[in-house]
Each structure stands twice: as C-alpha cells, then as structure tokens.
Amino acid sequence: MDTASTSLPDQAAPLPTSPDQLLARLDALGIQATTHSHPPLHTVEESKALRGALPGGHCKNLFLKDKKDQHWLVVALEDARVDLNRLDKAIGSARLSFASADRLWRVLGIRPGSVTPFALINDTGHKVRVVLQKAMMEHDLLNYHPLLNDRTTAIRRDDLLRFIHACGHEPAIVEFGRTGD
C-alpha cells in the first residue's frame, strides 16, 4: 500500500472535471454513451446487486503504483483475478501496490470507489500507464463510473480506445485475469 501521504482528499472539493463535462467531452469526440444513475457503489458486489439487466461487460479499475513510483491504471472485467505479484511481470512494471487515496486525487482527480478509465481526462501530465485486460476488450459494450460512483456509463469498446487516445495515452492490451493466469 502506498503510504506516501496519509491525508485524504477533501470530500467537499469539486472534481477537476465533472461527470457532465466528461459526457460533453465524449459527445465532442462523437462518442455515444449511455449513463444510468444509481445509489453510490463502492464494491463489485454492490454493483452486481444493483445493476439488474444493464448490458455489457462490467469492470473494475485498479489504480496502482510500482516501486519506481510509476502510476498504473489497470482495467479488467469485474470477476478477473488480478494477482499483483504476477501482473507486474505481464505489464513490465516493478513490484506493484495500491496507490493511496491522496495520490489518486492528485494524479487522476477522483476519489476512492470512483476509479475509471474516464479519469484519464484529468491526467494531462500523462503520468499514468493504462493497461486493459484482453478479455475485457472482447466485449463490444463496457461499463464504467463517469468520475463519480453514483452513475454507470456504457461505452463501446472502440470508443473507449478513442477516448483514451484523445487523452494522450496509449493503452496496453494484456492477457491476464483468466482462470490459470
């Protein structure tokens, strides 16, 4: 665990980019997205219980740092097994650990429970390396929080890649998280 700072982001502080600004950016890029509002969700289990028949791949997002202080955003299907001791070898990083809430706020401008590839809109310094699970990218439609965990936005796989590229990032699509990985 990242212990670089023990301060937590101010829960009252405004986000650098609001969900509405994010959706406007997607629209400006010609990306169609559908957003559903719901009570705040903090875990995959809460999401599964609440989403009903919402179509598409449902995902989890891990904001990590390695021992060389490189930041990583790892995005995978919600049921993927992510073994940090093996993932580092698959993505070419040094030893991985979860980044602190303070670091999450400073680098991606979001709070714990709302980690999402959409937060790359705030990484204007390109400090984060993006890793997308290959199995996740086999789904045509994917679901993520649009910067807050009280909504879910569905986006097509190819549009997710367009958005990530528009944010100045080149994602790595990596095989991990399947049974036996």
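Among the contacts in the protein with a separation of 6 or more, 70% join residues that are 24 or more positions apart. The structure is a predicted model, and along its sequence the elements follow the pattern α-β-α-β-β-α-β-α-β-β-β-α-β, which comprises five helices and eight strands. Buried residues make up 51% of the 181 residues, while the protein exposes about 8900 Å², of which carbon and sulfur atoms supply 50%.

**The nonpolar cores**

- In soluble globular proteins, nonpolar side chains tend to be buried together.
- The largest nonpolar core in this model has 35 residues, and the members that touch the most other members are Leu 108, Met 136, Tyr 144 and Phe 163.
- Several elements give two or more residues to this core, namely the helices α1 (19–28), α4 (101–108) and α5 (157–166), together with the strands β2 (57–66), β3 (71–77), β5 (128–133) and β6 (141–144).
- A second core, separate from the largest one, consists of 13 residues, and Leu 64, Ala 76, Ile 91 and Leu 96 are among them.
- When residues up to four places away in sequence are not counted, Leu 108 touches Phe 63, Arg 103, Ala 119, Leu 120, Asn 122, Asp 123 and Val 128.

**Helix α3 and its two sides**

- Within helix α3, which covers residues 84–91, the buried residues are Leu 84, Leu 87, Asp 88 and Ile 91.
- Because these buried residues fall within an arc of 105 degrees when α3 is seen down its axis, they line one face of the helix.
- On the other side of α3, by contrast, Asn 85 and Lys 89 are exposed.
- The buried residues of α3 pack against five strands, which are β2, β3, β4 (96–98), β5 and β8 (172–174).
- The N-terminal end of α3 is capped by Asp 83, which has a side-chain oxygen 2.9 Å from the backbone nitrogen of Asn 85.
- Just after the helix comes Gly 92, which takes a positive phi of about 75 degrees.

**Two buried polar residues**

- Asp 88 is found in helix α3, and it counts as buried because its relative accessibility is 10%, which is under the 20% limit used for that word.
- Apart from residues up to four places away in sequence, Asp 88 touches Ser 93, Ala 94, Arg 95 and Leu 96.
- Gln 133 has its place in strand β5, and with a relative accessible area of 2% it is buried.
- A polar atom of the side chain of Gln 133 lies 2.9 Å from the backbone oxygen of Phe 176.
- If its neighbours within four places in sequence are left aside, Gln 133 is in contact with Val 75, Ala 76, Leu 77 and Ala 80, and also with Val 174, Phe 176, Gly 177 and Arg 178.

**Cysteines**

- The structure holds zero disulfides.
- Cys 59 counts as buried at 15% relative accessibility, and Cys 167 is likewise buried, with a relative accessible area of 12%.

Terms used. Residues are numbered from 1 along each chain as its sequence is written. This is a predicted model: local features need pLDDT of at least 70, side-chain atom pairs count only at pLDDT 80 or more; totals for chains, interfaces and linings use all residues. Side-chain values use heavy atoms; hydrogens and water are left out. A nonpolar core is a set of buried Ala, Val, Leu, Ile, Met, Phe, Trp, Tyr and Cys residues joined through side-chain atoms within 4.5 Å. Buried means under 20% relative accessible area, exposed over 50%, partly exposed in between (1.4 Å probe, protein chains only). Helices (H or I, at least four residues) and strands (E, at least two) are DSSP runs, numbered from the N terminus. Contact means heavy atoms within 4.5 Å. A polar contact is a pair of N or O atoms within 3.5 Å; within protein, one must be able to donate a hydrogen and the other to accept it, and residues adjacent in sequence count only if both atoms are side-chain atoms. The arc is that of the directions from the helix axis to the C-beta atoms. A disulfide is a pair of cysteine sulfur atoms within 2.5 Å. Accessible areas come from the Shrake-Rupley method with a 1.4 Å probe; for residues, only the protein chains shown count as cover.
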